[in-house]
Amino acid sequence: MIKTSQLNKSVKTAEAELEILRGIDLEIKRGETAAIVGTSGSGKSTLLGLLAGLDSPSAGAIYLDNTNIVQLDEDERAVLRSQKVGFVFQSFQLLPALTALENVMLPLELAGRDDARIMAEDYLSRVGLGERLHHYPRTLSGGEQQRVAIARAFAAKPLILFADEPTGNLDTATGAKIIELLFGLNEEEGTTLVLVTHDNTLADRCQRKLIMTAGQLSEAA
Amino acid sequence: MKSPIAASLRLLVRDWRGGELGVLLSALLLAVSLVVAISGFVNRLQFNLERESASFLAADLVVSSSRAMPPEWQEEALNTVGVTGETVTFSSMVISESDDMFLASVKAVGGGYPLRGSLRVDLGGGRYGADTPEPGYVYLAPRLVQQLDTAVGDEVYVGDATLRVAGTLLDEPDSTTGFFGYGPRLVMHVDDLDATGVIQPGSRVTYRLLLAGSTGALEQYKNWVEPQLVQGQRLLSVDESQPGIGATLERARGFLLLAGSLGVMLAAAAILVAARRFGERHTDQVAVMKSLGATKKTIRTLYALSLTWLGILAISVGSGIGWLAQDAMFTALADQLPGEVTRTGVTPYVTGAVTALVCIAFFAWPPLARLGAVSPLRVIRRETTIADSTRATDLLLGTFSLGGLMLWYSSDIKLTAALLGSIGITVGLGFFVARGLLSGTRQIGSSAGSVWRLALAGMQRRGTASAFQVVIFGIAIMLLLVLTAVRTSLLDQWRLQIPEGTPNHFILNVAPIDEAPLLQFFAERDIEVGDLYPAARGRVMEVNGDTLPEWGPDATGPRQREANFTSTDAKPDGNEILSGEWWAVGSDESLISLEDGFADDIGAKVGDQLTLRIAADEFVVTVASIRSVNWESMQPNFFVIFPEKLLDRFPTTLFTSFYLEPDEKYRVSELLEFMPTITLIEVDVAIQEIKTIIDQVSQAIELVLLIILVAGALVLIAGVSSSVDERLHESAILRALGAGRATLLGAVAIEFAAMGALAGVLAIMGSEAAGWVLQTQMLELDYQVQWLLWPLGVILGSLIIGSLGTFACRRVVSAPPLQVLREL
Ligand SMILES: Nc1ncnc2c1ncn2[C@@H]1O[C@H](COP(=O)(O)OP(=O)(O)OP(=O)(O)O)[C@@H](O)[C@H]1O
Ligand SMILES: [Mg+2]
């Protein structure tokens, strides 16, 4: 489902060339759950961004569902994302001007679905927010916002879901609920799950645990 | 995305709820309604003023002839223009039942006379009328009623005809045109002309064909009739008949257009600021949408469509608001405005719509178009900045499009160039000075107290954004300064043009031996009389030995011209030498000084040899100078002036001018009785009219200025609010860290005041430059550096911007920090 070969990412800074990722080779199968862990600044978010096609690598190839996304231009990657990729972020990234329902409808509309509203309502009730469809993000708690974000990510029925520290902003109890939700939906939908986390409970729930150290990735024992 | 139209509408509705569209929409609305209001108002005003001055002719166009005109002329006029009238003017003795006689200036009227303006007649018994007299009836001027000792209902005799007095003529629109047919007025119907038998071959009669209609039709008729004119026949149009009024109107129009253009510039600035802010606020949203799979094209389509909806809304609602505004202004002025209330026509709305489109395409769209390029990476790396949403190319394009708009409004390259140039100065200087000073102030700030340090650090951190704000404030203040400065000097100079006591009567044809008695007459009555000038009627026959053709069928190129020649060794006040030199006092050379228009007509320049004829004498003179003459001054003005010694050789009559108060009008009859041989020209009515127009236009200008002021205020508000979000966020953090309200508000106030002071400096530099060009080049006024404005601009700039900014940021301290942090 996801495959990279010799993935490199370096950026030019004022002083020198900074190598963030060095030669990442990675393969994740359909329906697998994988956690990427590592110290702060090791390059986890950068890798996730590359896998999702939000940025382009300096060298190497990335296959998403057998398409080398490195060869796609930004718009083609966007189309691919709208069809196959979902996101959950540490900082939720809900649009403040939209209600919970509209936030969930957004990717469905972008994918051109007619049933956007029904789907969105369905997924919001599945994450337990059926009563708060018309609330704006600022009136929701952090945990509730993250549930909206999860509903948004799953509603478009992506093949792969990327999550960058989905519980990073939440207390342990709420984080646990979010984790249940993620894995529950993962099982129901058969979605491939790739998440970056500092949270060991979360990492342990995954089938695979990958460790990032200074731009290099290794499989945990 | 399946249906971009539906999606864009949803986006719009959602954004509206988010409160972000409000600013952009208001700015667009402001632009449209401003343009519609001003251009509608200017249109109506101009139309009314033209009507008003047309009433001086009682028509839009007049064909004047010293003999009866061919009937085809009128037929053609009816066919092409539609509405015609006629007048026949001559002098005739009028005799009353009591056998009193008086020489009257008779005007026989027919057709639709008057086509413009109206008669006012006292019909007796407290009734008043405006209709032309029926055949068999006449109206008499009050002076004639008095002289003839007659009354309404009595009979009077004009030549062989017996006519009945139907009323006293209080006012006629075309009383002041044409310096002929002196004496009090008698108005009769043309159908009675034959019965009078007064008009014989050789009698001095002026026939006029009056036309009124659309500009195009008039132009067509003009082109048709012009080649057929022979000597003694000419076309009179509003401007030519009343050069004073024409120039006054032109100046008023120029100013109103200037005001309108400034208004649009202000609105465009507001739109730019608003769109920039809109774009910045949407960056995160776009990043999220892109991460969810929206392509660049989807994003662009979405925002383009949103802008389209916005444009449609702004155009329709703005047109409505604009209409209401101009109507309100007009109604407020209606009592003072001359003529009937007119419609605005469609041009203002078209202008408004085009303005909206240009503003959207060149000011609102670029920052939004750039949203398409936002990196989706922003969703993971907050700090991924987007390139500054306003680029030099945008500004350049915007400036050009604005220039195009202004050129379109005013068809005036100078005006456009002056305004764009001054904006360029403000922007260019702005970014350099502002950035330089901003970094300088940081140095000072770091050694100052905490409030100051906070303020100056804030200003500096926002570097480009602050410079941008300073420039926007600077432009707004500059445009307002330009407008007030030009307005003040325009109005002042206008009012000075015709000061109290400007001579309102001219006396021509005073025989030299009558000089002393005439002066005595005035001395006894304590009436101040001007200098006496010699005058002789003469004609320019040849230029450099080439004989000029007479006025005739193919009326292009230089022509012979007749004029009153005068002589003086002192350059007349208000005349300006355009080329050549004025001669020395006592010069006995054969020199001549020409008015520039006259010089054009005969095709002469300085140094040319002119052959002139006065009476039977032909002689040659050299053109010593060409002058501009201030026709607005209503002073005696001459096309042709000689050195004193030169004219001494010819038989001359004298002329002079004097001023009469309205209640001294009866002195005119006394004077004519005392010296019947003189010719008296009464211009008191014309002067009164010009004064009225000046007063009215001044009021209109004040009103327009007020609207522009509001526009300026809106720009300032938009500029201030453009940084409110960031400030809110920042100070929420600062407050959370324990900063006091006073500290924060103080910092905000200092920051805005400092920007305001900077903007004030920029504005003054820009406005001095613009003011100079506009005043000297466009409005033809003198320019004075407004030194007082310099400190005033700085102080007012910092006060206004400081308080506006503090007011806009009051939430910085009033809103609970938690709420702020949650919202952003
Ligand atoms: N565009 C860029 N310019 C400069 N440095 C960058 C850029 N992108 C990433 N970096 C650097 O690369 C390193 C890896 O960043 P990344 O965000 O991937 O870390 P991370 O593993 O997600 O850390 P954290 O756990 O704190 O989120 C960091 O040191 C970061 O500063
Ligand atoms: Mg990270």
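In this predicted model, the largest share of the shell around ligand 1, three residues, is supplied by helix H1 of chain A. That helix spans residues 44–51, and both it and strand S2 (17–28) of chain A contribute at least two residues each to the shell. The shell comprises 14 residues in total, of which Ser40(A), Gly41(A), Lys44(A), Ser45(A) and Thr46(A) come nearest to the ligand. Although these five residues belong to chain A, the site is shared between chains, because residues from both chain A and chain B surround ligand 1.

Several of the nearest residues place polar atoms beside oxygen atoms of the ligand. A polar side-chain atom of Thr46(A) is found 2.5 Å from an oxygen atom of ligand 1, and a polar side-chain atom of Lys44(A) lies 2.7 Å from an oxygen atom of the ligand. In the case of Gly41(A), a polar backbone atom takes this role, at 2.8 Å from an oxygen atom of ligand 1. The ligand exposes 640 Å² when taken alone, and 67% of that area is buried by the protein.

With regard to chain B, the model contains 24 helices and 22 strands. Of the 824 residues in this chain, 53% are buried, while the accessible surface of the chain comes to about 34,600 Å², with 58% of it belonging to carbon and sulfur atoms. Among contacts in chain B with a separation of 6 or more, 81% are accounted for by residues 24 or more positions apart.

The largest nonpolar core has 149 residues, and those with the most contacts inside it are Ile2(A) and Phe162(A), together with Leu24(B), Leu258(B), Met265(B) and Ile271(B). Helix H8 of chain B (residues 243–291) gives the largest share of this core, amounting to 22 residues. At least three residues of the core are drawn from each of two domains of chain B, namely domain 1 (1–56 + 244–411) and domain 3 (427–499 + 684–824). The surroundings of one core residue can be described in detail: when residues up to four places away in sequence are not counted, Leu24(B) touches Ile271(B), Ala274(B), Ala275(B) and Phe278(B), as well as Leu307(B), Leu310(B) and Ala364(B). A second core, separate from the one described above, consists of 41 residues and includes Ala116(A), Leu129(A), Ile178(A) and Leu182(A).

Note on methods: Residues are numbered from 1 along each chain as its sequence is written. Chains are lettered from A and ligands numbered from 1 in the order in which they are written. This is a predicted model: local features need pLDDT of at least 70, side-chain atom pairs count only at pLDDT 80 or more; totals for chains, interfaces and linings use all residues. Side-chain values use heavy atoms; hydrogens and water are left out. A nonpolar core is a set of buried Ala, Val, Leu, Ile, Met, Phe, Trp, Tyr and Cys residues joined through side-chain atoms within 4.5 Å. Buried means under 20% relative accessible area, exposed over 50%, partly exposed in between (1.4 Å probe, protein chains only). Helices (H or I, at least four residues) and strands (E, at least two) are DSSP runs, numbered from the N terminus. Domain bounds come from an automatic or database domain assignment. Contact means heavy atoms within 4.5 Å. A residue is near a molecule or strand if one of its heavy atoms lies within 4 Å of it. A polar contact is a pair of N or O atoms within 3.5 Å; within protein, one must be able to donate a hydrogen and the other to accept it, and residues adjacent in sequence count only if both atoms are side-chain atoms. Accessible areas come from the Shrake-Rupley method with a 1.4 Å probe; for residues, only the protein chains shown count as cover.
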